[in-house]
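User: I would like to learn how to read a structure of this kind step by step. Could you take me through it, giving the general idea before each case?

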Protein chains: 2
Amino acid sequence: MESAIIPGEEGGRRRITENSMSKSDLDKKNQKASLTQKAYSELKERIMTGKFSVGEHYLEPEIAEMLGISRTPAREALIRLSQEGLIDLKPRRGVLVKPIFIHDLKEIYEVLTSLESTAVWLAAKRRPADKDMQGLKSAVDEMDEALVRGDLDAWAAADVKFHMLLVELGNNSRIRQLVQTYFDQAHRVRMLTLKLRPKPVDSNMDHRAVVEMIEKGNAEEARRIHYEHREKAGELLLSLLESYGFTQL
Amino acid sequence: MESAIIPGEEGGRRRITENSMSKSDLDKKNQKASLTQKAYSELKERIMTGKFSVGEHYLEPEIAEMLGISRTPAREALIRLSQEGLIDLKPRRGVLVKPIFIHDLKEIYEVLTSLESTAVWLAAKRRPADKDMQGLKSAVDEMDEALVRGDLDAWAAADVKFHMLLVELGNNSRIRQLVQTYFDQAHRVRMLTLKLRPKPVDSNMDHRAVVEMIEKGNAEEARRIHYEHREKAGELLLSLLESYGFTQL
DNA sequence: GAATTAGATTATGTATACATAATCTAATAA
DNA sequence: TTATTAGATTATGTATACATAATCTAATTC
């Protein structure tokens with residue numbers, strides 16, 4: 001699954017995750033993507049990969065010129081991005097690429113923890129078919145292997161894969177889409193902390209436990225484990241950032 | 001709190017809930033609300049109160065003319081509404097006011113259950129000050145009184161108030177905003193079922209129990225009670241709709 | 001009468017025009 | 001030098017123009 005969330009392969013013309021779209025949908029759309037859609041993807045990628053200075057102002061005409069289009073589609077893309085929470089449209093000062101403060105990150109993690117663990121709960125209740133569990137399991141294995149190799153980018157990619165598959169098993173498209181959106185918002189921060197934090201060795205134990213509980217259909221336990229897993233991860237992240245003195249990202 | 005969610009007082013120039021805005025913010029904004037904002041509010045109100053035929057197509061020029069504005073601000077408002085999930089912008093067939101199928105309602109309730117019970121959990125952990133609990137308690141009392149009087153609209157209004165205050169106690173603006181958005185989506189359906197369903201006599205026991213657990217700081221229990229309360233309500237709603245043979249709303 | 005095709009119609013995506021209000025610049029006065 | 005104000009500049013919100021492609025209409029052909 002190729003996604004802007006997945007790090008690595010810098011420089012390639014990467015495609016941003018079009019929220020809530022399957023790959024084939026995306027392909028279809030891309031054949032005749034409107035300028036608005038292209039502007040949206042392009043701007044989102046630039047924001048997520050830090051190619052805009054956070055906290056700085058950009059004016060509509062600048063953005064339009066930068067993308068080689070007129071203001072109209074640029075404006076429409078900006079409206080979408082501001083609704084997703086990535087930017088603010090300040091009345092007269094233009095576009096502000098939203099900085100993420102510790103406080104925002106806390107909120108984002110609370111949302112993700114809530115929705116993901118609900119998805120886990122739903123998944124366990126459904127008792128997914130074995131084949132649907134395969135992806136999950138291989139993602140866990142990939143994480144193990146990546147850790148052994150010390151390949152943090154691969155680990156992060158597999159982690160994303162695991163979480164997204166997990167959410168998909170919940171079978172709720174709105175939850176899936178929301179998790180995607182908030183995941184994207186935290187992307188910049190996750191990429192940053194990946195290199196700072198201690199290696200995530202123990203997190204795979206939780207992953208395996210969640211998978212097991214889903215297979216057993218133990219919804220409550222699966223939810224609990226995942227909830228606590230996420231809570232732990234969130235707290236680790238926040239304390240890490242605080243210890244490094246980051247207040248804005 | 002005056003809100004489009006609250007039924008009754010038909011005909012008055014009611015104001016729609018501007019998502020995530022406090023009342024004073026709203027007032028400020030309203031002084032010089034842009035046509036886009038006004039179009040957004042106006043369309044949202046019409047959608048939520050069923051003044052558009054669900055499932056029917058409306059063309060951009062129609063909408064613009066209907067609102068007495070040009071296509072540009074109408075279009076921008078439509079983009080916002082489609083991102084909120086109230087409408088679909090079909091490639092060439094115009095605007096489709098999204099019908100809500102049972103399946104959608106199920107998803108929406110899962111999202112609400114998840115986020116609300118997280119907010120409850122967070123609230124209980126924070127141990128809100130007494131004065132912050134007052135609103136909650138009076139909302140519960142209002143529901144009781146409304147039930148005695150048999151005033152369903154008042155009951156619904158107090159119920160909304162209770163849930164929104166509860167979510168606010170969670171102190172997470174993203175959760176609050178999301179709950180608002182999904183609440184709005186289910187508004188049409190809730191108004192419909194209000195008159196069909198058995199009187200919600202027992203639901204206040206849960207409400208009081210949640211309040212009590214928040215006061216005691218028992219986060220796990222508060223969450224559990226609320227989660228089950230919401231689950232019950234959701235299942236009731238769905239089975240009610242099914243028994244009446246509704247598949248689309 | 002049915003079907004196919006050419007022309008007309010028009011919704012959309014995008015660009016551009018324009019009025020307004022906010023900001024900036026510069027000049028004049030104290 | 002500092003303050004104040006008038007004029008210039010320009011970002012935004014909105015309207016309008018325009019090209020394209022899709023749909024509809026009607027006419028012609030079988």
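Analyst: What follows goes through a helix, some strands, a contact between chains and a surface near DNA, in a model that is predicted.

User: Let us begin with helix 6 of chain B: how many residues does it have, and how far does it reach?

Analyst: Helix 6 of chain B runs over residues 130–149, which is 20 residues, and from its first C-alpha to its last it reaches 29 Å, close to the 28 Å expected at 1.5 Å a residue. Just after this helix, B:Gly150 takes a positive phi of about 70°.

User: Which residues of helix 6 of chain B are buried, and which exposed residues does the face turned away from the buried side carry?

Analyst: The general idea comes first: an α-helix has 3.6 residues a turn, so residues three or four places apart point the same way. In helix 6 of chain B, the residues B:Leu136, B:Ala139, B:Val140 and B:Met143 are buried. These buried residues lie on the same side of helix 6 of chain B because they cover an arc of only 95° around the axis. On the face turned away from that buried side are the exposed residues B:Asp130, B:Lys131, B:Gln134, B:Val148 and B:Arg149.

User: What do the buried residues of helix 6 of chain B pack against?

Analyst: They pack against two elements of chain B, namely helix 7 (152–169) and helix 9 (203–216).

User: How should I read the strands of chain A, and in which sense, parallel or antiparallel, do strand 2 and strand 3 pair?

Analyst: In a regular strand the side chains alternate between the two faces of the sheet. In chain A, strand 2 (residues 87–90) and strand 3 pair in the antiparallel sense over four bridges, with A:Ile87 standing opposite A:Val97, and a hairpin of three residues joins the two strands. Strand 1 (residues 57–58) of chain A also pairs with strand 3 (residues 94–97) in the antiparallel sense, over two bridges, and here A:His57 stands opposite A:Leu96.

User: How many residues does each chain give to the contact between chain A and chain B?

Analyst: The contact takes 16 residues from chain B and 16 residues from chain A. On the side of chain B that touches chain A, helix 5 of chain B gives the most, with eight residues, and the residues of this side divide into six nonpolar, five polar and five charged.

User: Finally, which residues come nearest to DNA strand C?

Analyst: Of the 16 residues around DNA strand C, those that come nearest are A:Ser34, A:Leu35, A:Ser70, B:Glu60 and B:Gly94. Helix 4 of chain A supplies the largest share of this surface, three residues.

Notes
Residues are numbered from 1 along each chain as its sequence is written. Chains are lettered from A and ligands numbered from 1 in the order in which they are written. This is a predicted model: local features need pLDDT of at least 70, side-chain atom pairs count only at pLDDT 80 or more; totals for chains, interfaces and linings use all residues. The expected span of a helix is 1.5 Å times one less than its number of residues. A residue is buried if 20 or more other C-beta atoms lie within 10 Å of its own, exposed if 12 or fewer, and partly exposed in between; C-beta atoms are placed from the backbone. The arc is that of the directions from the helix axis to the C-beta atoms. Two residues are in contact if their C-beta atoms, placed from the backbone, lie within 7 Å. Two strands pair if DSSP finds at least two bridges between them. Ala, Val, Leu, Ile, Met, Phe, Trp, Tyr, Cys and Pro count as nonpolar, Asp, Glu, Lys and Arg as charged, and the others, Gly among them, as polar. A residue is near a molecule or strand if its C-beta atom, placed from the backbone, lies within 6 Å of it.
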